[in-house]
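This report describes the fold of one protein chain, element by element. Please read it beside the structure shown below.

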Amino acid sequence: MSTAPTIYISNLRLDYKNKPVFSELNTSFTGGMFNILLGTSGVGKSSLLKMIAGLLPITQGEITSDHSEALSSQISYMAQQDLLMPWTTILQNVMIGSKLRKEKKEKTRALHILKQVGLDGAANQFPFQLSGGMRQRAALARTLYENRPVILMDEPFSALDSVTRSKMQEYTADLLKGKTVILITHDPFEACRLGENIQVLAGNPVQIYDIPPIEGTIPRHPEALNLQQAQAHLLNLLIEKNILQ
């Protein structure tokens, strides 16, 4: 049994400009697995992630877990924007959580993570000195450094080139093995490559639809590539043509 919590969404409602984006939304995100959330812009994916993180108020419904510990204390959240502190170095940005909590900083581990994301040479640089893709990798390093049981990631690889993106996917998948990950992406192939559970937020009214895994394949396994590509193509059709509505 995984020590990372399963997260339950019960009768959740989200309004935007006094109109419901979704209502009576029910689903769960399995503990210790990569849970992928797909969907077109405007269906509430990022807002749902913020509600789980406790960054948006819940007006109706509830978000719970199967752990007694408060969910908010178990979460590390990576937003679409890098949110790096401009007045501190990249290394200091990675360890900012430890500083704010007045905990011992693990400089050696932070430097190791920066090396793994290709930023070991940028540890003492400031955010303005980095490209957009490098800043996103720094934000990823900060999220990985936190080492929480629940990881929420909103388009974490979107600013990266294809080669770097593939490397970061592999590294992130390995480092976060056994944690409860909820990752938002617009890329069906990325969803199929990383996802152990895939859900699509779609329809009118908006609901969450489970996408059955491909039987006999292993996420991220090279031999599963062709089947993953086929599933990604199907997912793309489902999203673009609103078959799920």
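How many bridges join strand β3 to strand β8, and do they run parallel or antiparallel? Four bridges join β3 (residues 34-38) to β8 (residues 197-202), and the two strands run parallel. Within this pair, N35 stands opposite N197 of β8. The model is a predicted one, and what follows should be read with that in mind.

**Overall content**

The chain holds eight helices and nine strands. Of its 245 residues, 49% count as buried. Among contacts between residues at least 6 apart in sequence, 69% join residues that are at least 24 apart.

**The six-stranded sheet**

β3 and β8 belong to an open sheet of six strands, ordered β5-β6-β7-β3-β8-β9, in which the pairing is mixed. The edges are taken by β5 and β9 (207-211); each has a single partner strand, so one side of each is left without a neighbour in the sheet. On average, neighbouring strands of this sheet are turned by 20° against each other, direction ignored. Helix α5 lies across β5 and β6 (150-154), and runs at about 175° to β5.

**The three-stranded sheet**

A second open sheet has three strands in the order β2-β1-β4, with antiparallel pairing. Its edge strands are β2 (19-29) and β4 (62-65), each of which pairs on one side only. Neighbouring strands here are turned by 15° against each other on average, direction ignored. Helix α1 (residues 45-53) packs on this sheet and touches β1, β2 and β4; the direction of α1 makes about 120° with that of β1.

Strand β1 (residues 7-16) is joined to β4 by four bridges, the two running antiparallel. Seven bridges join β1 to β2, also an antiparallel pair. Some of the residue pairs across these strands are listed here.

| Residue | Stands opposite | Strand of the partner |
|---|---|---|
| I7 | S65 | β4 |
| I9 | I63 | β4 |
| I7 | F29 | β2 |

I7 thus appears with a partner in β4, S65, and with a bridge partner in β2, F29. The hairpin of β1 and β2 has two residues between the strands, and in this hairpin K17 takes a positive phi near 55°. Strand β4 has two faces: I63 and S65 are on the covered one, while E62 and T64 are on the uncovered one. The two β4 residues of the covered face, I63 and S65, are also those that stand opposite I9 and I7.

**Helix α1 and A53**

In α1, the buried residues are K45, L48, L49, M51, I52 and A53. Just after the helix, G54 takes a positive phi of about 85°.

Why is A53 counted as buried? The relative accessible area of A53 is 16%, and a residue is buried when this value is under 20%. A53 lies in helix α1. Leaving aside neighbours within four places in sequence, A53 is in contact with I75, Y77 and L152. Y77 is 24 residues from A53 along the chain, and the C-alpha atoms of the two are separated by 6.9 Å.

**Q74, between β4 and β5**

Q74 sits in the loop between β4 and β5. Is this glutamine buried or exposed? Q74 counts as buried, at 2% relative accessibility. Apart from neighbours within four places in sequence, Q74 is in contact with P5, S65, H67, E69, R148, P149 and V150. One of these contacts, S65, is on the covered face of β4.

**The largest pocket**

The largest pocket contains about 340 Å³ of space. Thirteen residues line this pocket, and those nearest its centre are Y77, I96, G97, R142 and E146. The elements that give two or more residues to the lining are β5 (75-78), α3 (96-100) and α5 (132-146). By class, the lining has six nonpolar, three polar and four charged residues. Y77, one of the residues nearest the pocket centre, is also in contact with A53. Two of the contributing elements, β5 and α5, meet in the six-stranded sheet region, where α5 lies across β5.

Methods:
Residues numbered from 1 in each chain as written. Predicted model: local features only at pLDDT ≥ 70, side-chain atom pairs only at ≥ 80, totals over all residues. Heavy atoms only, no water. Pairing = 2+ DSSP bridges. Axes fitted to C-alpha atoms, helices over the stretch in contact; angles between N-to-C directions. Contact = heavy atoms within 4.5 Å. 1 Å grid on protein atoms, 1.4 Å probe; cavity = no way out; pocket = protein on both sides within 12 Å on 5 of 7 lines; lining within 4 Å. Points joined across faces, edges and corners; volume = space filled by probe spheres on them. Nonpolar A, V, L, I, M, F, W, Y, C, P; charged D, E, K, R; others polar. Buried < 20%, exposed > 50% of the residue type's maximum accessible area, 1.4 Å probe, protein only.
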